[in-house]
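Student: I would like to go through the terms used for this model and see what each one rests on.

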Amino acid sequence: MSASKDSGKTYRTECTGTALETVKRHSSDEAITFFGACFCPFVQRAWIALEYLGVPYKYCEFKHCWNSGPDRYFADEVDPYKKPQGLLEVSPKGLVPGLKLHDYNPPRALNESTVILEYLEDVAASTTKRTLLPPVTNPYARALIRLQADHVNRALVPAFYRYLQAQDADAQIKAQGGGSGEGEARTMKAGLGLWVEGGDLGYVDAMAGPWIFRATSVLKHYRGFTMPEGEKFTAWTQRSFDHPSFKATCSTEDLYLDSYERYAHNRPNTSQVANAINSGRGLP
Ligand SMILES: N[C@@H](CCC(=O)N[C@@H](CS)C(=O)NCC(=O)O)C(=O)O
C-alpha cells in the first residue's frame, strides 16, 4: 500500500524550522566541524548529542558551510550523494554524519554515528562534564543502555527502511513485525525496554529517537502507520521529542515527507542504506 503517487520529489538540502535556527547559531569556526544532512536520522543522533553535551561545533551541510575559515574547502558542497572529495576525507564511504577535528594538526576525522556519539561522550567527560549515560560508577546500568542501543541498530533501524521501501502490503506487514526477535521480546517484557519512564534525555533516546520521530510523520504519510498509544510509549515520545536538545535538531514535517518520497517508492539507487535493504545486506 502506498498513500500517494511518486511525484519525483528528492531530498532537501537545507534545514527548516528550529533546526535551521540551530544551524545559524553554529555557523562559526570551532574545534569540531560537523558534517550533516538535514533529513538524515544518523546525523540527527550525533546532532542531539552535540546539543545535549554542549560540545562546541560548526554545522556544515550541502551547500552551506556558512562561512569560510578552514572549511572553505567544503563550502561548495557537502552532499553525501555526490561524494565530494572533502567529505570522502572525513568519511571514506561518503556517509554523513562526519566530524573534522581541528585540534589536531593536520586535522583528523571521524565517522559512524554510534562511534561519534561515544567520542562526544568522551570529549564531554573532560570538558562540559555532561553525559547522556549513567555514571561510570554504575557499569551495569551503562551496559544495559548499550544493550538497548545495540537492539536499536540491529532491529529498529533496518525495520524502518524495510517497511518504508516495501512496495506491496504483504511485505510491509512482514517488515513491521521484523523489528524484534523472540529474545528481544523477552528482554522488553523483563523491563529492559526503551520506554523507561521519567528522567532526562538519555543515550538510547538519541539513538532511537530520530527513527521514531520519522515514523510519526513519514510512515504515517506513506504507509498509514499509527504510533502505538500505550501510556509508557506516549510518555517517552513526549519526553524525547519535547526535549530542547531534540527539538533543536528537528526540521518541519514537509522536509521529511519530501526527502523520504524516494524511499517510499523504492526508487533505484536511492542511497547506500536503501540498496543494502533491497539486497538483504547489513546496513552501511
Ligand atoms: N552507518 C552510518 C550510516 C550513515 C548514513 O547512511 N547516512 C546517509 C544519510 S541518512 C548517507 O550519508 N547516505 C549517502 C549515500 O547513501 O551514499 C552511520 O551510522 O553514521
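The turns below take up a helix pair and then the ligand site.

Tutor: This is a predicted model, in which local features need pLDDT of at least 70, side-chain atom pairs count only at pLDDT 80 or more, and totals for chains, interfaces and linings use all residues. Residues are numbered from 1 along each chain as its sequence is written, and side-chain values use heavy atoms, with hydrogens and water left out.

Student: Why are H8 and H9 called roughly perpendicular?

Tutor: Helix H8 (residues 203–223) and helix H9 (residues 231–241) pack at an angle of about 105°. Angles under 35 degrees count as roughly parallel, over 145 as roughly antiparallel, 65 to 115 as roughly perpendicular and the rest as oblique. H8 and H9 are therefore roughly perpendicular to each other. Their axes are 10 Å apart.

Student: Which residues of H8 meet H9?

Tutor: With contact meaning heavy atoms within 4.5 Å, Asp 205, Gly 209, Ile 212, Phe 213 and Thr 216 in H8 meet residues of H9, among them Phe 233 and Trp 236.

Student: What makes the pair of Lys 83 and the ligand a polar contact?

Tutor: A polar contact is a pair of N or O atoms within 3.5 Å; within protein, one must be able to donate a hydrogen and the other to accept it, and residues adjacent in sequence count only if both atoms are side-chain atoms. An N or O atom in the side chain of Lys 83 is 2.5 Å from an oxygen atom of the ligand, so the pair meets the definition.

Student: Which atom of Gln 272 lies 2.7 Å from an oxygen atom of the ligand?

Tutor: A backbone N or O atom of Gln 272 does.

Notes. Axes fitted to C-alpha atoms, helices over the stretch in contact; angles between N-to-C directions. Helix = DSSP H or I, 4+ residues; strand = E, 2+ residues; numbered from the N terminus.
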